[in-house]
Amino acid sequence: MIEIRRIFTQVEEIRHEFGPPPPEPLIRGAIAVVMTNPYAGRYEADILPMMKALEPVGVDMAQRLLAAMDVPRERIATYGKGSIVGGAGELEHGALWHVPGGYAMRELLGWKGDRAAYMAGQGEAKTGQPGNALSIVPSTKKVGPPGAALDVPLTNINASYVRGQFDAMEVRVPGSPAADEIVFILAMSTGYRVHARVGGLLAENISQWDGQR
């Protein structure tokens with residue numbers, strides 16, 4: 001069911017945005033996997049087997065992305081995910097990435113909740129502590145042609161309303177996806193937008209209650 005054709009990684013350092021350089025650059029990274037869509041060209045009622053099959057892919061991609069960014073996991077401040085479905089697929093195929101992509105990053109960064117309970121529809125167990133990826137991973141998806149770009153949203157790993165860390169990373173894989181493929185994407189960054197100055201909650205001030213709202 002899982003047939004991977006390409007893995008594409010991009011990492012960038014943002015050193016300034018026409019103002020004074022910050023103490024250290026903002027590092028943003030994304031990884032995309034291009035794979036065959038086993039449901040392309042037809043309607044399939046039960047697509048959940050692919051969600052399960054994607055779990056090890058998500059884990060591998062999250063680990064590869066952190067290694068490519070070359071920073072300690074403690075420096076990862078934001079995350080996001082997305083998918084681009086080729087034209088012979090449907091938008092819902094992209095939604096298969098929600099659990100395997102999101103929880104791969106959350107667990108890499110130290111989340112201790114109950115994924116099985118979430119999958120069973122019972123909600124997620126709030127057993128974590130501040131600083132270990134309590135926030136839902138933001139997501140976006142679309143059906144698109146080869147070379148389509150996707151703006152992958154990024155928000156704080158513990159409180160999605162840290163305004164200075166609202167961001168997005170544009171990701172595209174040249175020539176992908178073909179009509180019968182899907183591109184699944186993970187993205188992370190090390191913190192605030194360069195020169196963020198519009199107020200709001202700071203990541204340094206997140207309490208356990210804030211992270212679990």
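**Entry 1: the chain**

I counted the secondary structure of the protein chain and got 6 helices and 7 strands, taking helices (H or I, at least four residues) and strands (E, at least two) as DSSP runs numbered from the N terminus. The model is predicted, and I took local features only at pLDDT of at least 70 and side-chain atom pairs only at pLDDT 80 or more, while totals for chains, interfaces and linings use all residues. Residues are numbered from 1 along each chain as its sequence is written, and side-chain values use heavy atoms, with hydrogens and water left out.

Along the sequence I read the pattern β-β-α-α-β-α-α-α-β-β-β-β-α. Of the 213 residues, 46% are buried; I use buried for under 20% relative accessible area, exposed for over 50% and partly exposed for in between (1.4 Å probe, protein chains only). I then took contacts (heavy atoms within 4.5 Å) between residues at least 6 apart in sequence, and 75% of these join residues at least 24 apart.

**Entry 2: strand pairing**

I looked up the partners of E5 (residues 149-156), with two strands counted as paired if DSSP finds at least two bridges between them. E3 (residues 78-85) runs antiparallel to E5 and is joined to it by 2 bridges; Thr-78 has Asn-156 of E5 as its bridge partner. E5 also pairs with E6 (residues 167-172), antiparallel, over 6 bridges, and there Asp-151 is matched with Glu-170.

**Entry 3: cores**

I searched for nonpolar cores, that is, sets of buried Ala, Val, Leu, Ile, Met, Phe, Trp, Tyr and Cys residues joined through side-chain atoms within 4.5 Å. The largest has 36 residues, and Met-50, Leu-54, Tyr-79, Phe-184, Leu-186 and Met-188 have the most contacts inside it. At least two residues of this core come from each of E2 (26-36), H1 (48-53), H2 (55-69), E3, H4 (98-108) and E7 (181-189). H2 gives the most, with 6 residues.

I followed Met-50 further: beyond its neighbours within four places in sequence, its contacts are Met-1, Met-35, Thr-36, Pro-38, Tyr-39, Leu-96, Ile-182 and Phe-184. A second, separate core has 14 residues, among them Ala-30, Val-34, Leu-154 and Ala-187.

**Entry 4: H4**

I checked burial in H4 and found 9 of its 11 residues buried, so the helix is largely enclosed by the rest of the structure. The buried residues include Tyr-103, Met-105, Arg-106 and Leu-108. Gly-110 follows H4 and has a positive phi near 110 degrees.

**Entry 5: backbone exceptions**

Most residues other than glycine have a negative phi, and most peptide bonds are trans. I listed the departures. The peptide bond from Ser-176 to Pro-177 is cis, with omega near 5 degrees, and Pro-177 sits in the loop between E6 and E7. Asp-70, not a glycine, has a positive phi of about 60 degrees; it lies in the loop between H2 and E3 and counts as exposed at 66% relative accessibility. His-195 has a positive phi near 70 degrees. It is in the loop between E7 and H6 (208-212) and counts as partly exposed at 22% relative accessibility.

**Entry 6: pocket**

I looked for pockets on a 1 Å grid over the protein atoms alone, a pocket being an open set of points where a 1.4 Å probe fits, with protein on both sides within 12 Å along at least five of seven lines. The largest has a volume of about 240 Å³, the volume being the space filled by probe spheres set on the points, which are joined across faces, edges and corners. Its lining (residues with an atom within 4 Å of a point) has 16 residues, with Glu-74, Arg-75, Ile-76, Ala-77 and Ile-157 nearest the centre.

I sorted the lining into 6 nonpolar, 6 polar and 4 charged residues. Here Ala, Val, Leu, Ile, Met, Phe, Trp, Tyr, Cys and Pro count as nonpolar, Asp, Glu, Lys and Arg as charged, and the others, Gly among them, as polar.
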